[in-house]
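Trainee: I should like to take a close look at one helix of this model and the elements around it. Please guide me through that part in one connected account.

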Amino acid sequence: MDERIPVLETRKLGISFGGLKAVNDFNIKIYPGELVGLIGPNGAGKTTVFNLLTGVYVPTEGTVILNGQPLNGKKTYQFVEAGVARTFQNIRLFRQMTVIDNVKAAFTKDIRYNLFDASFRTKKYWDTEKRITDKAMELLEICGLADKANELAASLPYGRQRKLEIARALATDMKLLLLDEPAAGMNPTETAELLACINTIRERFGVAILLIEHDMSLVMNICERIQVIDYGQTIASGLPAEIASNPRVIAAYLGE
């Protein structure tokens, strides 16, 4: 029995929309530094789970716990403050801002100056800006984007925009990172670069990661455990090899 406190734990988590149970009795534990995959057919409820784990949706039953603290009833920004960060299926960047400004925008907890300091460019303002800029550049370096720091986010190729989203999520100093189909639309080269980026993040920051992905080669290569849902319910959970050979998973999702 694992005696560590999980970064994320859900207990009987569920949500209904009218008479439809979109997610039902969802239970998961993720420990520090662990990378877990969440897979299933389209419409299975995967993104709904992410919305429950980030405060976008309020569960109709069950509990979300982060580092031992229940988060039910908290607002989305409070989930972020508690240490939850995510990326989205559809890239959501500040497209007309520079790459580095996209990352700096997420350092809200690091801002130590007030309106007076910002207006009159005091020493506190410049010291804070330098510290945030240095941190942002470090994250861009980790994600292979340092050479694009002063370019507009909109000018980046698709794969690099995905990595910029991850760099911005890292800037929130999260404990749990939720990646919603990060490899969607990527070519094999971009997918390999993403895989290397995710591994670097785990090694460097020790964050827990929950990954939604349809690229099964990526999922099987990177995830330590995999949980499979269908029609909002868990149908299997285990090691990649166990999931790949599970008859119920094959019938529902993987195919022959």
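Which residue caps the N-terminal end of helix 7, and how far does its side-chain oxygen lie from a backbone nitrogen?

Mentor: The model is a predicted one. The cap of helix 7 is asparagine 187, which places a side-chain oxygen 3.0 Å from the backbone nitrogen of threonine 189. From there the helix takes in residues 188-205, 18 residues in total, and spans 26 Å between its first and last C-alpha, close to the 26 Å expected at 1.5 Å a residue. At the other end, glycine 206 comes just after helix 7 and has a positive phi of about 65°.

Consider next how the helix is seated. Buried in helix 7 are Glu190, Thr191, Leu194, Cys197, Ile198, Ile201 and Arg202. These residues are on the same side of helix 7, because the arc that they cover around the axis is only 135°. Spacing accounts for such a pattern: an α-helix has 3.6 residues a turn, so residues three or four places apart point the same way. On the face turned away from the buried side, helix 7 carries the exposed residues Pro188, Thr189 and Glu203. Threonine 189 is thus named twice, since its backbone nitrogen also belongs to the cap described above.

The buried residues of helix 7 pack against both helices and strands. The helices are helix 5 (123-142), helix 6 (158-170) and helix 8 (216-222). The strands are strand 3 (35-39), strand 7 (176-180) and strand 8 (208-212).

The strands lead to the sheet. Strands 3, 7 and 8 belong to an open sheet of six strands, in the order 6-7-8-3-9-10 and with mixed pairing. Its edges are strand 6 (84-86) and strand 10 (233-238), each of which pairs on one side only. From one strand to the next, the twist averages 20°. Within this sheet, strand 7 and strand 8 pair in the parallel sense through five bridges, and leucine 176 stands opposite alanine 208 of strand 8. Helix 6 packs on the sheet as well, where it touches strand 6 and strand 7, and its direction makes about 160° with that of strand 7.

Helix 6 deserves a further word. Glutamine 161 lies in this helix. Its relative accessible area is 8%, so glutamine 161 counts as buried, the cut-off being under 20%. Neighbours within four places in sequence aside, glutamine 161 is in contact with Ile91, Leu93, Arg95, Ala153, Ala154 and Leu156. The loop between helix 6 and strand 7 holds aspartate 173. With a relative accessible area of 54%, aspartate 173 is exposed. Aspartate 173 also has a positive phi of about 60° without being a glycine. Most residues other than glycine have a negative phi, and most peptide bonds are trans.

A similar backbone feature is found before helix 5, another packing partner of helix 7. Arginine 121 is located in the loop between helix 4 (115-120) and helix 5. Arginine 121 is not a glycine, yet its phi is positive, near 50°. Its relative accessibility of 43% makes arginine 121 partly exposed.

Strand 9 comes after strand 3 in the order of the sheet. Arginine 225 lies in this strand, which covers residues 225-230. This arginine is partly exposed, with 22% relative accessible area. Beyond its neighbours within four places in sequence, the contacts of arginine 225 are Lys29, Ile30, Glu34, Leu35, Val36, Gly37 and Gly238. A polar atom of the arginine 225 side chain lies 2.5 Å from the backbone oxygen of lysine 29.

Lysine 29 opens a link to another set of strands, as strand 2 consists of residues 20-30. Strand 2 pairs with strand 1 (residues 8-17) in the antiparallel sense over seven bridges, with valine 23 as the bridge partner of isoleucine 15. Two residues separate the strands in this hairpin, where glycine 18 has a positive phi near 65°. Strand 1 also pairs with strand 4 (residues 61-66), again in the antiparallel sense, over five bridges. There, arginine 11 has threonine 63 as its bridge partner.

Key: Residues are numbered from 1 along each chain as its sequence is written. This is a predicted model: local features need pLDDT of at least 70, side-chain atom pairs count only at pLDDT 80 or more; totals for chains, interfaces and linings use all residues. Side-chain values use heavy atoms; hydrogens and water are left out. Helices (H or I, at least four residues) and strands (E, at least two) are DSSP runs, numbered from the N terminus. The expected span of a helix is 1.5 Å times one less than its number of residues. Buried means under 20% relative accessible area, exposed over 50%, partly exposed in between (1.4 Å probe, protein chains only). The arc is that of the directions from the helix axis to the C-beta atoms. Contact means heavy atoms within 4.5 Å. A polar contact is a pair of N or O atoms within 3.5 Å; within protein, one must be able to donate a hydrogen and the other to accept it, and residues adjacent in sequence count only if both atoms are side-chain atoms. Two strands pair if DSSP finds at least two bridges between them. Axes are lines fitted to C-alpha atoms, for helices over the stretch in contact, and angles run from 0 to 180 degrees between N-to-C directions.
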